[in-house]
Every structure is written in structure tokens, then in C-alpha cells.
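Could you walk me through this model in my viewer, one selection at a time? I would like to know what to pick next and what I will find there.

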Amino acid sequence: MIIKQQLTLSDDGITEQIPYTNRMEYLVDVAGSDKYGVLNTQNVGNQKTLPYGVKVDSNAFLPFWNTSGLAVNCEEKLIADLFNTKTDSRPLLVINNVTPTSNLEYLDKLVDDLYRNNIPFAVSATNVEGNTNQFAYKKYMYSLRMIELKNGIIFMRVPYLYSYTGKEINAQNLKATMSERLQLMVRSGVYPTGLSTPNHWNQDAVLGKVGLKSASNVLLLPDPKTYPKVKQTDYSQEFDKAYYVMSLKDLDKAKTTVSLTKANNLNYTLPTALNIKMLRTLSELRKVEKSVSGSELNWENPAAEDNSREMNFAKMKLEYHAGTYFVNGNEQNINDTAPVQKKHKHKEYQETGLNLILSYQGKFLTVFILVTLIGFVLLIYKGRKVYWDKFKRK
């Protein structure tokens, strides 16, 4: 047991200072074990060197779980070895929290910047089933189509159930909602290649089976603080790729001897996505552009993959392979993307005789009211002067 210690974690020649640890249990040397990462205490004269992750056969141990930094690489290596799924994966750059109410101007600028720098990326985009005839919704769909044209792919974000105020959450209405949202996107020329979802969906029999089963690729987002539990289960869905999502900003801020965004020898052994939250200000946009362009990470490029990404809902099958989109086996021409029309201006009234009379009436009333107000001011001024003159000595 370690109590109140400052620890450092080392792996692949990189060392990171871990946040202060109040209490931590650890394993002593176990014969025949595989170790992942090294923890060092800072007790002068009594320094301890401990393994971070330990695996023996089909059993594994971690003293704590970090959601960012160097620890994630150690955790991924342990899990990959434990389940025999180890692969060398490049991180996928993801823009998260994109909604119809987002600042699309900043989104478009960031997408243009990534495209100019030849950086592949993905977007987690929320869709709705209401107000889809509005100008703002059409503009939103157009921005998503432009993302597809600029070497980006779309993950459709599952509904925000923790703020759900509609019907009871069950398999039937959940399937209907997601199917309708997907069809709306497809009719707008947007073809999602997977789903983005909070982790808890994959530990729920209803949410996982109905909501996630249709996708071969998912982004596993952090869970919100509160969310409804529909039907929890110990069994989760299997995917071709299930990305662990962590913040690019947190990775960049990690206190390491070598920047984790510039460490060429640092590999991810499981599908990993580095997340950028949707931008709200111009200063955030500038910081993100600087952070991405300054990194030396070798980003995953879905358009260069041999494997296909698939989505299956009802009678609709979406497929993305080598940069080409298919709907029910038919190739889609994403280059045929017309810009969204501007808002229609209100029709100007013809200058008929009645309109002219009403127009002049309005102008006359405005002048009359101004003249009346000026007259009142002059009368008040004159009356005040006459009143005070009565008290002056002659």
C-alpha cells in the first residue's frame, strides 16, 4: 500500500508525472507476469519501482485507471494482450459535439484548414427529426456534405437520452428515432460510416442491441454524469472497430519528458480517437489549429483502409470503402453537392396608390408627433420662466 505519494510513470523511454496519489494498492513481483509501464515513487532514500500494469495468463491488474496521457498506452497494451487483439493503430482525429446549433462558420474554417494540411478526420454529428425544413437545418446538412468532400467521415451521434423528455425509452421507439435520423441524413446526401455513443450504451441490453448493433464502427465517448439505465447487462456488442476517445487537449498538456503529440515511437495498440470539442470562439479555433498543425502524429486515414465500414438500419445498408460511399450497393456521387440556397428575402410590396397613401400617412404622423413634442418642450420652458419671474424684485 502506498499512501500520499507523488508518482512518475515511464514507458517507451517517456516519463510522465502522475497526479498526487492519496492511496494506492500495488502488486509485488509475480513470477511469470507481463508488466506494462513502470511506476516510481519519490521517497528520498526509500524509492520504490513498481509495475503499473500486470498480467498473468487471463488475469490482469491496474492500480488505477487514467483516461489520458501515457497511462492510456500502457492500459491499451495490457488489454490488447489480455484479449489477444493487439494491433498497431494510428489515432483518428475527431471533432466532437457538432450539432445543428453549432457555429458552422468555425466548423467550416477548421475543416478547410485540415483539408489544406492533408489531415484526415472524423466528425461526431448529432441529428434531429424536428424542424428539418428550416434553413438552419439545410445549412447544417450542407456543412456535413462538405466534410465528406474534404476527406472527412461522419459518425452519427446517438440520441441524448439523459435529457430525454419524450416517450419511454424502449426498443421500438429507439429504433424508430435512430432510423428516422439516419434516413434524413441520407436524403440530404450525408452518409454516416458509424455511430458515436457514450460508453454506457454498450453495457445496456436495449441500447446496445438496438442502438449499436447496426454499426461496424463506433466512437466510445465518455459517459455523462447522469444517464438513464434501461436494461444493464454484463455483455457488450462486438465491433470491427470500437474507438477509445480521449481529449487531444489533455494529451497535449500531459506533463511528460517528451510531448505525447510528437513522440514518433509511441504506438496505440487499440483503436484510439483524439477528440476536439466543437469550437465556440475564434480564439479556440486558433488554438486547435495550432495544436493539430504542431503535432507530429501519424493520423488514421479511413479512405486508405482495405476494410469497409458499414451501417445497417431497417432495409438500408450504408457502406464506406476506399473513400467511396454506397447505399444498398449503389455508389453515391458526393461531388454532386449544390450549395444551400440563401434565405429568401421578403417580397417587396408594390407601390400602389393605397401603399403610397399609407406611407405618407406614416411620415405625416411622425412629423406631427415630433412637432408636438417640440412645442410641449418650448411651452414648459416658457411657463417655467414666467413662473420664476413672479418672484423677482422689480
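Here is a tour of aromatic pairs, salt bridges and surface patches. Keep in mind along the way that this is a predicted model.

**Stop 1: the aromatic pairs**

Begin with the rings, since the structure holds four aromatic pairs. Select Tyr52 and Phe64 and show their side chains: the ring centres are 5.1 Å apart and the planes meet at 50 degrees, so this pair is tilted. Now colour by secondary structure. Tyr52 belongs to strand β6 (residues 49–56), while Phe64 sits in the loop between β7 (59–61) and α1 (70–82), so the two rings tie together parts that are 12 residues apart in sequence. Are these two residues buried or exposed? Tyr52 is buried at a relative accessible area of 0%, and Phe64, at 18%, counts as buried too, because the cut-off is under 20%.

Next, select Phe155 and Tyr243. Their rings form an edge-to-face pair, with 6.3 Å from centre to centre and 85 degrees between the planes. Phe155 is in strand β10 (residues 152–157) and Tyr243 in strand β13 (residues 241–247), so this contact ties together parts that are 88 residues apart in sequence. Phe155 is buried, with 0% relative accessibility, and Tyr243 is also buried at 0%.

To finish with the rings, pick Tyr191, Tyr320 and Tyr325, which ring pairs link into a cluster.

**Stop 2: the salt bridges**

Now switch to charged side chains. Side chains of opposite charge can pair when their charged atoms come close. The count here is 13 salt bridges, and three of them make good stops.

Select Lys109 and Glu105, whose closest N and O atoms are 3.4 Å apart. Why are they about one helical turn from each other? Both are in helix α2 (residues 104–116), and they are separated by about one turn because they are four residues apart. Lys109 is partly exposed at 33% relative accessible area, and Glu105 is partly exposed at 49%.

Move on to Arg280 and Glu284, which meet in a salt bridge with an N to O distance of 3.6 Å. Arg280 counts as exposed at 67% relative accessibility, whereas Glu284 is partly exposed at 27%.

Then select Lys241, Glu300, Glu305 and Arg309 together: salt bridges that share partners join these four into one network. Zoom in on Glu305 and Lys241, where the N to O distance is 2.9 Å. Glu305 lies in the loop between α7 (282–294) and β15 (309–313) and Lys241 in strand β13, so the bridge ties together parts that are 64 residues apart in sequence. Glu305 counts as buried at 15% relative accessibility, while Lys241 is partly exposed at 24%.

**Stop 3: the surface patches**

Turn on the molecular surface. Which lysines gather in a patch of positive charge? Select Lys249, Lys253, Lys277 and Lys287 to see them. Lys253 is in helix α6 (residues 248–253) and counts as exposed at 58% relative accessibility.

For the last selection, choose Phe364, Leu365, Phe368, Ile369, Leu370 and Leu373. These residues make a nonpolar surface patch of about 650 Å². Use Phe368 to get your bearings, as this residue lies in helix α8 (residues 353–389).

Conventions. Residues are numbered from 1 along each chain as its sequence is written. This is a predicted model: local features need pLDDT of at least 70, side-chain atom pairs count only at pLDDT 80 or more; totals for chains, interfaces and linings use all residues. Side-chain values use heavy atoms; hydrogens and water are left out. Patches are made of residues with over 30% relative accessible area and no salt bridge: like charges are joined within 9 Å, nonpolar side chains (Val, Leu, Ile, Met, Phe, Trp, Tyr) within 5 Å. Accessible areas come from the Shrake-Rupley method with a 1.4 Å probe; for residues, only the protein chains shown count as cover. A salt bridge is a side-chain nitrogen of Lys or Arg within 4 Å of a carboxyl oxygen of Asp or Glu. Lys and Arg count as positive and Asp and Glu as negative; His and the chain ends are not counted. The place of a charge is taken as NZ of Lys, CZ of Arg, CG of Asp or CD of Glu. Helices (H or I, at least four residues) and strands (E, at least two) are DSSP runs, numbered from the N terminus. Buried means under 20% relative accessible area, exposed over 50%, partly exposed in between (1.4 Å probe, protein chains only). Rings of Phe, Tyr and Trp (its six-membered ring) pair if their centres lie within 6.5 Å; planes under 30 degrees apart count as stacked, over 60 as edge-to-face and the rest as tilted.
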